[in-house]
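These are my notebook entries on a structure that I looked up piece by piece. I kept each entry short and in whole sentences.

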Amino acid sequence: MKKVLMGNEAVAYSLFINGVNVVVGYPGTPSTEVIETLKNFQDDDFYVEWSTNEKVALEIAAGASLAGARAVATMKQVGLNVAADPLLSLSVVGVEGGLIVFVADDPGPHSSQTEQDTRNFARFCNLPVFDPSSPKEAFELIKPAFEISEKYNLPVLYRMTTRVCHSNQSIEFELKREKRRIKGFEKRPDWVILPALSYKKHVELEKKLQDIKKDLSVYNRVEGKGKIGIITGGVSYFYVKEAIKGFEDLFSILKITVAHPLDDEIVLGFVEDKEVLIFIEELDPVLEEEVKLILFENGKLLPVYGKRNGYVPFAGEFDVDKVRNIFYKILSDEKFLVRNTFVDVLQIPKRQAQLCAGCPHRNSFLIVKYAMKGKDVIFTGDIGCYTLGFAKPISTTDTCLCMGASITMAQGLKIADRSKKVISFIGDSTFFHSGITGLVNSYYNRHNITVCILDNLTTGMTGFQPHPGTGKKIYGEEGRKVSIEDIVKGIGVEKILVIDPYSDFTENVNKVREFLKDEELGVIIFRRECANMGSKESYLKINQNCSNCKGCMQITGCPALKEDENGNIFIDSALCNGCGLCKSFCPYSAIEKVMKDD
Amino acid sequence: MTDIIIAGVGGQGNILLSRVICQLYTNKGFDVKSAENIGMSQRGGSVVSYIRTGENVGPIIPDNMADILIGLEMCEAARNVNKINKDSIVVLNDRFIRFNSLDFKKNQIVKFFELNFPKLRIVSAYDIAVKLDMPKAENIVMLALVCKDGFLPFSKEEILKALEQVLRPKMYEMNKILVENIYEKY
């Protein structure tokens, strides 16, 4: 069958076809669709789940692998930081059933805190890393990734980038699953990592990598015979192919699909007759550094252009035009100069990302903001939709670092800046992911901060995945529900307030103001289902009392409030879900609720 | 080889439209590649899809190279004109979604397109979608109009087949009626 598949879907299909038994992960753009796709498949030897965080996921995958199952942990690049501890040890301990660590990198970045390069992680952990260039290649390389993992008893990193994860391609395949027998766990001293064993295994690992090099080198290939050598990998390979279209004779390409460990032979063969080398790779100069080492060790010297001498940018993602510009800079050849057709283009300003219409977080932020009006407060934020609490006019997020850091950074701020009130915001899924330990620390060490848990009963930003607080599992079936209140109480926190952010605004402000009066550690749980999940029972409309003061719009920033061509304000009934927040700020009683009949 | 760019704002169904067009080309035997930006709260933000039918190409359309620009929203269409050239076909939805820092008026943008693109067609996809009681289907309205007017080489039957492959059954039934309506009345 021929089907259009997104890169992540292609990986999912291929995993299933190649007999994967256990797939676990934590959602994060651009990695999420691997598991979202796999949950549509079922088999008696196949299990898939959303785990509470990436460390948990990788450790589950490791356990399954030790029992002989083919296992995968999926995450985005920053998720790999969370899972770094088990990964580094796992490279020494080793695996039994094939284990793939799927990591989605995000050059740009489009939706991440960092642009970090997982190929560097592969060097750091001494593990092989596949770097597919397209959905089709992503589909094809799963099989060898499992086989290499099983042959050498090592986890394999499968690194893709946004433009591979989220691009689509027609792929021809047969949906037929390879059935394997899972042999079960065998007790072996190898599985218990102790310092003496770790040393012995490290020696073995270094030796293994030398052998793997040869096996993996078949996935790297040389194209063309030109004197200008381009070394590239990942999606950049296609940008290069297009940039040299029409002048192919001048160039030859070394396409690196396995960036680590890199085999000397293919590199030395490639550079033999080259006059110059150009490295085209997004993010870190991984290929550039590896190849340069090989050249140096073999006494080869030739002109090299890359990131290290400033010809290729370190930051941001590439495209064909950027690659052409790089060639133009290096070769001073007019034919690579990119000229734009239009001189006088309209400069349309950026559309700022914002909380959705009716997002309960908007209400929660404003309740706290109004309760603290006139006070000196620091608001720490976290990772999720609600990071947008920093945007105007909400402006209630002063810091954002990584998952869970709102609660812990708040404690540091409180220690160093005693005079200020510190209030942290964290989402429900993030609280389970890595907020709990921070709250434990706050209780134990008597850090008197306030933690606001914005519970919208889902993992909103990545597309409504369930989590322990929802009690639903990946297929929507019953798991067990973990109560946020009980966790907070169980830690020992006595001051707890639960608020429905949609209920009366003024009343909520008063409750929160009262709650925040003293300096004790306290937790406020704002609970209301994500605006994109519930059915809309009502919407708001503006009546003739409106003086067009635009206060509602300027205070809430709700995208359902819009201006028409003549500057008159109106409410987009398709977006509005009747939360009533804007109504609280209208001095003219000009906003009224309309119930939907059906 | 055909390069198509679809520009709009989150919530207009840009990515679904891109999926359907990919399926249409795949059904015709082409190798299709496409890319879309999704992720960090694109609801209400800019959304762009690229569709390419050539071999050995990357997912992103280079500057000046797109053959067709489908603009689901005017500002977003204007934002992406660096991807097209004077010979490109531009099909523009008569929809203008304001945002706070914007100081352009709708007719300024229309004028810009009229001045620069001889192959311009402005359609009222949103108005039609609203009239047919499916305000969220301006994407499929656009598709039907674009195909009906011969800008994309697909018949009504081919559209329906692709929709059936891509959409869930209930959504397919609704969109089927929509497409039939457009071919009959618009």
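**Entry 1. Two cis peptide bonds**

In which loop of chain A is the place of Pro30(A)? I found Pro30(A) in the loop between strand E2 (22-25) and helix H2 (33-38) of chain A. I note here that the model is a predicted one. The peptide bond that joins Thr29(A) and Pro30(A) is cis, and its omega is about 5 degrees.

I then turned to Pro109(A), which lies in the loop between strand E5 (99-105) and H6 of chain A. The bond from Gly108(A) to Pro109(A) is also a cis peptide bond, with omega near -25 degrees.

**Entry 2. Two serines with positive phi**

I looked up Ser395(A), which is not a glycine and yet has a positive phi of about 45 degrees. I located Ser395(A) in the loop between strand E15 (377-380) and helix H16 (405-416) of chain A. Its relative accessible area is 34%, so I recorded Ser395(A) as partly exposed.

Ser589(A), likewise not a glycine, has a positive phi of about 50 degrees. I placed Ser589(A) in the loop between helix H21 (581-584) and strand E23 (591-595) of chain A. Is Ser589(A) buried or exposed? Its relative accessible area is 54%, and exposed means over 50%, so Ser589(A) is exposed.

**Entry 3. A helix pair in chain A**

I examined helix H5 (residues 84-93) of chain A against helix H6 (residues 118-125) of chain A. The two pack at an angle of about 45 degrees, and their axes are 9 Å apart. I therefore entered H5(A) as oblique to H6(A).

Which residues make this contact? From H5(A) I listed Ala84(A), Leu87(A), Leu88(A) and Ser91(A), and from H6(A) I listed Phe121(A), Phe124(A) and Cys125(A). Sorted by character, the residues of this contact are six nonpolar, one polar and no charged.

**Entry 4. A sheet built from both chains**

I traced an open sheet of eight strands in the order E1(A)-E8(A)-E2(B)-E3(B)-E1(B)-E4(B)-E5(B)-E6(B), with mixed pairing. Its edge strands are strand E1 (2-6) of chain A and strand E6 (120-123) of chain B, each of which pairs on one side only. On average, neighbouring strands of the sheet are turned by 20 degrees against each other, direction ignored. As background, I noted that strands of a sheet pair through backbone hydrogen bonds, either parallel or antiparallel.

Within the sheet I followed strand E1 (residues 3-9) of chain B, which pairs with strand E3 (residues 46-52) of chain B in the antiparallel sense over seven bridges. Ile4(B) stands opposite Ile51(B) in E3(B).

I next looked for helices on the sheet. Helix H1 (residues 14-27) of chain B lies across E1 and strand E8 (167-172) of chain A together with E1, strand E2 (33-36), E3 and strand E4 (66-71) of chain B. H1(B) runs at about 5 degrees to E3(B). Helix H5 (residues 138-148) of chain B also packs on the sheet, where it touches E4, strand E5 (84-93) and E6 of chain B. The direction of H5(B) makes about 125 degrees with that of E5(B).

**Entry 5. Nonpolar cores**

How many residues are in the largest nonpolar core? I recorded 139 residues, and those touching the most other members are Leu15(A), Leu38(A), Tyr158(A), Leu277(A), Phe327(A), Ile109(B) and Phe113(B). Helix H1 (residues 7-17) of chain A gives the most to this core, with seven residues.

I looked at Ile109(B) more fully. Leaving aside neighbours within four places in sequence, Ile109(B) is in contact with Leu346(A) and Ile348(A) as well as Met74(B), Cys75(B), Ala78(B), Phe96(B) and Phe104(B). A second, separate core has 51 residues, among them Ile367(A), Phe432(A), Val523(A) and Ile525(A).

**Entry 6. A buried lysine and a buried histidine**

I found Lys241(A) in helix H11 (residues 236-243) of chain A. Why is Lys241(A) entered as buried? Its relative accessible area is 19%, and buried means under 20%, so Lys241(A) is buried. Beyond its neighbours within four places in sequence, Lys241(A) is in contact with Glu223(A), Ile253(A) and Asn56(B).

His433(A) lies in helix H17 (residues 428-444) of chain A. I entered His433(A) as buried because its relative accessibility is 4%. Not counting residues up to four places away in sequence, His433(A) touches Tyr26(A), Thr52(A), Asn53(A), Glu54(A), Val82(A) and Met403(A).

Conventions:
Residues are numbered from 1 along each chain as its sequence is written. Chains are lettered from A and ligands numbered from 1 in the order in which they are written. This is a predicted model: local features need pLDDT of at least 70, side-chain atom pairs count only at pLDDT 80 or more; totals for chains, interfaces and linings use all residues. Side-chain values use heavy atoms; hydrogens and water are left out. Axes are lines fitted to C-alpha atoms, for helices over the stretch in contact, and angles run from 0 to 180 degrees between N-to-C directions. Helices (H or I, at least four residues) and strands (E, at least two) are DSSP runs, numbered from the N terminus. Angles under 35 degrees count as roughly parallel, over 145 as roughly antiparallel, 65 to 115 as roughly perpendicular and the rest as oblique. Contact means heavy atoms within 4.5 Å. Ala, Val, Leu, Ile, Met, Phe, Trp, Tyr, Cys and Pro count as nonpolar, Asp, Glu, Lys and Arg as charged, and the others, Gly among them, as polar. Two strands pair if DSSP finds at least two bridges between them. A nonpolar core is a set of buried Ala, Val, Leu, Ile, Met, Phe, Trp, Tyr and Cys residues joined through side-chain atoms within 4.5 Å. Buried means under 20% relative accessible area, exposed over 50%, partly exposed in between (1.4 Å probe, protein chains only).
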